[in-house]
Amino acid sequence: MSDVRIDDLPVRDELRGTSPYGAPQLDVPVRLNTNENPYPLPEPLVERIAERVREAARGLNRYPDRDAVELRTALAAYLTRTGGHEVGLRNVWAANGSNEVIQQLLQAFGGPGRTAMGFEPSYSMHALIARGTGTGWISGPRDEDFAIDLAAAEKAIAEHCPDVVFITTPNNPTGNAVPRETVVALYEAAQAAKPSMVIVDEAYVEFSHGSSLLPLLKGRPHLVISRTMSKAFGAAGLRLGYLAAHPAVVDAVQLVRLPYHLSAITQVTALAALEHTDTLLGYVEQLKRERDRLADELRAMGYEVTASDANFVQFGRFADAHEAWRKILDRGVLVRDNGVPGRLRVTAGTPAENDAFLDAVRELKKEVELSG
Ligand SMILES: Cc1ncc(COP(=O)(O)O)c(C=O)c1O
């Protein structure tokens, strides 16, 4: 039986020859490759989670609240408090990570015979989830500084009339934010072309110098803002993502979500984390300072650094980015090669982890200079 491979199965044609997504999970001393928050949850929060999970465990014979009302209400309160725009329960939807939110959006608004567009390099899961949902993928342009060139992007939207447009801000893996006016103009272009749904992926917005684009939801029923607790809340293992949009979008997503998709354990754990929002956002301030220190020190070494509004920094240029990645790994530090030519990405870790990374790239630089 072991000689049967995927291609021997009647698998969908578009999946043949492809590989699953995943950054290497290597056991090295310093892991700065998946944009996680390096700080473990504080002990009082761990205790609170244990308490809420114990309580929820008594009801696990029942299915969870299918509509996650308490959690969505708490997420709406968080967004209203921090996002500069009032949203309520009916504007918010939650799922297992923002990846699942995006999958549900593409199940509802993409699918066979439809297309989605993103401006690349960007978060590669957008294209992969498109593939998984049978949605055609169109790669839109960025300029050589990794910014969205508005005229080129508007032209691409007018030409392809995608059903869904992704705008990732701050962008991953480059780190730069998309100006608000550009998002507004792309929304207008997408409405003129189709009209299409515009998904603004704000996974990293809490690390940004600017503010959330949440206020743009007013009067824009085709706009969706997608968020996550994986980064700023330091809870990547929890798997909790959410969106804010017009209530009709939330209704549409409910047509495709699996019933009881969000376990009772996930719901209460996320609620406990939200009770500790202020403590968790305190770590974000520390990480922003470390992100800026990484950028400054890399620049001082002579590297090119893309301005970052996220919890990571893209740097280069390398004649061979993959070889540089390997050499940094040889020094015990795992960063990310996202396949952007000449560039690597490092996530801001603890000060000690960042020092280890900076030492590794300093040595690498010396090695290259000696051999060159
Ligand atoms: C831009 C962007 N969106 C979404 C996600 C997925 O986050 P989640 O852990 O909520 O699925 C990531 C994770 O790296 C990301 O970089």
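## Polar contacts of the ligand

In this predicted model, a polar side-chain atom of D201 lies 2.7 Å from a nitrogen atom of the ligand. An oxygen atom of the ligand is likewise placed 2.7 Å from an N or O atom in the side chain of Y204. A further contact involves K231, where a polar side-chain atom lies 2.9 Å from an oxygen atom of the ligand. Each of these distances counts as a polar contact because the cut-off for a pair of N or O atoms is 3.5 Å.

The ligand on its own would expose 390 Å², and the protein buries 93% of that area.

## The surroundings of the ligand

Where does the ligand sit? Its place is in the largest pocket. There are 13 residues around the ligand, and those that come nearest are S98, D201, Y204, T228 and S230. Two of these residues, D201 and Y204, have been met above through their side chains, D201 with a nitrogen atom of the ligand and Y204 with an oxygen atom.

Which helix gives the most to the shell around the ligand? Helix α3, formed by residues 97–109, does so with three residues. Sorted by class, the shell consists of seven polar, three nonpolar and three charged residues.

## Aromatic pairs

A pair of aromatic rings is described by two quantities, the distance of the centres and the angle of the planes. In this structure the count comes to nine aromatic pairs. One of them is formed by Y204 and F312, with 5.0 Å from centre to centre and 80 degrees between the planes. This pair is edge-to-face because its angle is over 60 degrees.

The pair of Y204 and F312 links distant parts of the chain, since the two residues are 108 residues apart. Y204 belongs to the loop between β6 (197–201) and β7 (223–228), whereas F312 is in strand β10 (residues 312–316).

## Particular features of the backbone

Two cis peptide bonds may be described here. E120 and P121 are joined by a cis peptide bond with omega of about 10 degrees, and P121 lies in the loop between β3 (115–119) and α4 (124–132). The peptide bond from G316 to R317 is also cis, with omega near -15 degrees. R317 is found in the loop between β10 and α10 (321–330).

A68 is not a glycine, yet it has a positive phi of about 45 degrees. The loop between α1 (43–57) and α2 (69–83) contains A68.

Note on methods
Residues are numbered from 1 along each chain as its sequence is written. This is a predicted model: local features need pLDDT of at least 70, side-chain atom pairs count only at pLDDT 80 or more; totals for chains, interfaces and linings use all residues. Side-chain values use heavy atoms; hydrogens and water are left out. A residue is near a molecule or strand if one of its heavy atoms lies within 4 Å of it. A polar contact is a pair of N or O atoms within 3.5 Å; within protein, one must be able to donate a hydrogen and the other to accept it, and residues adjacent in sequence count only if both atoms are side-chain atoms. Accessible areas come from the Shrake-Rupley method with a 1.4 Å probe; for residues, only the protein chains shown count as cover. On a 1 Å grid over the protein atoms alone, a cavity is a set of points where a 1.4 Å probe fits but cannot get out, and a pocket is an open set with protein on both sides within 12 Å along at least five of seven lines; lining residues have an atom within 4 Å of a point. A molecule sits in a cavity or pocket if more than half of its atoms lie within 2 Å of its grid points. Helices (H or I, at least four residues) and strands (E, at least two) are DSSP runs, numbered from the N terminus. Ala, Val, Leu, Ile, Met, Phe, Trp, Tyr, Cys and Pro count as nonpolar, Asp, Glu, Lys and Arg as charged, and the others, Gly among them, as polar. Rings of Phe, Tyr and Trp (its six-membered ring) pair if their centres lie within 6.5 Å; planes under 30 degrees apart count as stacked, over 60 as edge-to-face and the rest as tilted.
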